[in-house]
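Work through the exercises below with the sequence and the model in view. Try each task before reading its solution.

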Amino acid sequence: MRLIALLLLVTPGLIAVYGIKLIRDALFGEFHDLYFHIALQGLAGILFFAGGLAFIGGFILHRDRKRNLTKGRFKQSNYPE
């Protein structure tokens, strides 16, 4: 079970790392044939990085809320606004 949890965290991390690589390659003019234009490559890199980072951040926030480690504005309220 821990192996599955580890894979769930490593996979978005690898996607974020690949996004950083795509951004770097777009900035330095290294074009990959998979993308039709270098701007699309940079945009895909930004999306991959942001998506991976958001998943890992959401996982950590969820875990900390469950363990009552959050303070102030990150505490989950029972009443939706």
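**Exercise 1: a leucine in the first helix**

L14 lies in helix α1, which covers residues 2–27; helices are DSSP runs of H or I with at least four residues, numbered from the N terminus. The model is predicted, so local features need pLDDT of at least 70 and side-chain atom pairs count only at pLDDT 80 or more, while totals for chains, interfaces and linings use all residues. Residues are numbered from 1 along each chain as its sequence is written, and side-chain values use heavy atoms, leaving out hydrogens and water.

Task: decide whether L14 counts as buried or exposed, and why.

Solution. Begin with the cut-offs: buried means under 20% relative accessible area, exposed over 50%, and partly exposed in between, with a 1.4 Å probe and protein chains only. L14 counts as exposed because its relative accessibility is 56%. Next, look at its surroundings: L14 joins L3, L6, L7 and V10 in a nonpolar patch on the surface. Together these residues have about 490 Å² of accessible area.

**Exercise 2: a glutamine in the second helix**

Task: find which residues Q41 touches, not counting residues up to four places away in sequence.

Solution. First locate Q41 in helix α2, residues 38–66. Q41 counts as buried because its relative accessibility is 0%. Then list its contacts (heavy atoms within 4.5 Å): with those sequence neighbours left out, Q41 touches L22, D25, A26, E30, F31, H32 and Y35. Finally, take E30: its backbone oxygen lies 3.0 Å from a polar atom of the Q41 side chain.

**Exercise 3: an annotated stretch**

Task: state how much of residues 35–61 is helix and how much is strand.

Solution. Start from the record: an unreviewed UniProt entry lists residues 35–61 as "transmembrane region". Over this stretch the chain is 89% helix and 0% strand. Its end C-alpha atoms are 34 Å apart.

**Exercise 4: two more residues of helix α2**

Task: describe the accessibility of I56 and K66, and give a C-alpha separation for I56 and for K66.

Solution. Take I56, found in helix α2. I56 counts as partly exposed because its relative accessibility is 25%. The C-alpha atoms of I56 and G13 are separated by 7.4 Å, although these residues are 43 apart along the chain. Not counting residues up to four places away in sequence, I56 touches L9, P12 and G13.

Now take K66, also in helix α2. At 69% relative accessibility, K66 counts as exposed. Its C-alpha atom is separated by 9.6 Å from that of Q76, 10 residues away along the chain.

Notes:
Patch = residues over 30% accessible without salt bridge, like charges linked within 9 Å, V, L, I, M, F, W, Y side chains within 5 Å. Areas by Shrake-Rupley, 256 points an atom, 1.4 Å probe, with all protein chains shown as cover. Salt bridge = Lys/Arg side-chain N within 4 Å of Asp/Glu carboxyl O. Helix = DSSP H or I, 4+ residues; strand = E, 2+ residues; numbered from the N terminus. UniProt positions renumbered as here; feature names shortened; annotations may be inferred. Polar contact = N/O pair within 3.5 Å; in protein donor to acceptor, adjacent residues only side chain to side chain.
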